Amino acid sequence: MPVTRQGLEQTSFRRKLLGYQETWRQGLHRRHLGIPNFRVLTLTTSEERQRHLVAAYRSLGSGRRLFLFADHVTLDGENLLGQAWVNGTEEAITLLDGTLKSAQPFSPQR
């Protein structure tokens, strides 16, 4: 799926970002699902793709911790909660015990 397109009529990752961001902004997850918060985990095919997705997310200007990104090579499938995921502020974090905890800084130039 392309990261962006000329308009929002066709599917793109940016369109998905906007949809989830609006769901969060309106509190639809609380109202319809009864959950207080959520994160969207995005597993990519490569570090390069991850950098493009993080950049697209950063361009939205708000909600920079809603989405978390990792590439399938870096992510250890045995320990998804203990591995570093990258958010829109380029912080590397883990999901241990259901909470966000600091991890190694993300280096977009890896």
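**Exercise 1. The buried side of α1**

Task: In this predicted model, determine which residues of α1 are buried and what they pack against.

Solution:
- Step 1. The buried residues in α1 are Phe13, Leu17 and Gln21.
- Step 2. Around the axis they cover an arc of only 70°, so they sit on the same side of α1.
- Step 3. The packing partners of the buried residues of α1 are β1, α3 and β2.
- Step 4. Just after α1 comes glycine 27, with a positive phi of about 70°.

**Exercise 2. The length of α1**

Task: Work out what span the 14 residues of α1 should have, and compare this with the separation of the end C-alpha atoms.

Solution:
- Step 1. The rise used is 1.5 Å a residue, and the expected span is this value times one less than the number of residues.
- Step 2. For the 14 residues of α1 this gives 20 Å.
- Step 3. The end C-alpha atoms of α1 are 20 Å apart, which agrees with the expected span.

**Exercise 3. A charged pair**

Task: Find which side chain meets arginine 25 in a salt bridge, and classify both residues by accessibility.

Solution:
- Step 1. Side chains of opposite charge can pair when their charged atoms come close.
- Step 2. The partner of arginine 25 is glutamate 22, at 2.5 Å from N to O. The cut-off for a salt bridge is 4 Å, and the structure holds 1 such bridge.
- Step 3. Both residues belong to helix α1 (residues 13–26), where they are 3 residues apart, about one turn of the helix.
- Step 4. Arginine 25 has 59% relative accessibility and therefore counts as exposed, since exposed means over 50%.
- Step 5. Glutamate 22, at 30% relative accessibility, counts as partly exposed.

**Exercise 4. Strands β1 and β2**

Task: Describe how the side chains of β1 are arranged, in which sense β1 and β2 pair, and how many residues of β2 are buried.

Solution:
- Step 1. In strand β1 (residues 40–44) the side chains alternate. Val40, Thr42 and Thr44 point to one face and are buried, whereas Leu41 and Leu43 point to the other and are not.
- Step 2. The pairing of β1 with strand β2 (residues 67–71) is parallel and runs over 5 bridges. Leucine 41 has leucine 68 of β2 as its bridge partner.
- Step 3. In β2, 5 of the 5 residues are buried, so the strand is largely enclosed by the rest of the structure.
- Step 4. Phe67, Phe69 and Asp71 point one way from β2, Leu68 and Ala70 point the other way, and all are buried.

**Exercise 5. Threonine 42**

Task: Decide whether threonine 42 is buried or exposed, and list what it touches beyond four places in sequence.

Solution:
- Step 1. Threonine 42 is a residue of strand β1.
- Step 2. Its relative accessibility is 11%, so threonine 42 counts as buried; the limit is under 20%.
- Step 3. Leaving out residues up to four places away in sequence, threonine 42 touches Phe13, Leu53, Phe67, Leu68, Phe69, Ala70 and Trp85.
- Step 4. Among these contacts, Phe13 is one of the buried residues of α1, and Leu53 is one of those in α3.

**Exercise 6. Helix α3 and alanine 56**

Task: Establish which residues of α3 are buried, what covers them, and where alanine 56 fits in.

Solution:
- Step 1. Gln50, Leu53, Val54, Ala56 and Tyr57 are the buried residues in α3.
- Step 2. They cover an arc of only 160° around the axis, which means that they are on the same side of α3.
- Step 3. Their cover includes α1, β1, β2 and β3 (85–86).
- Step 4. Alanine 56 lies in α3, residues 47–58, and is buried at a relative accessible area of 8%.
- Step 5. Not counting residues up to four places away in sequence, alanine 56 touches Val3 and Leu17. Leu17 is among the buried residues of α1.
- Step 6. Arginine 14 is 42 residues from alanine 56 along the chain, yet their C-alpha atoms are separated by 6.6 Å.

**Exercise 7. The whole chain**

Task: State how many helices and strands the protein has, and what share of its residues is buried.

Solution:
- Step 1. There are 3 helices and 5 strands, in the order α-α-β-α-β-β-β-β along the sequence.
- Step 2. Of the 110 residues, 32% are buried.
- Step 3. Of the contacts between residues at least 6 apart in sequence, 45% join residues at least 24 apart.

Definitions and conventions:
Residues are numbered from 1 along each chain as its sequence is written. This is a predicted model: local features need pLDDT of at least 70, side-chain atom pairs count only at pLDDT 80 or more; totals for chains, interfaces and linings use all residues. Side-chain values use heavy atoms; hydrogens and water are left out. Helices (H or I, at least four residues) and strands (E, at least two) are DSSP runs, numbered from the N terminus. Buried means under 20% relative accessible area, exposed over 50%, partly exposed in between (1.4 Å probe, protein chains only). Contact means heavy atoms within 4.5 Å. Two strands pair if DSSP finds at least two bridges between them. The arc is that of the directions from the helix axis to the C-beta atoms.
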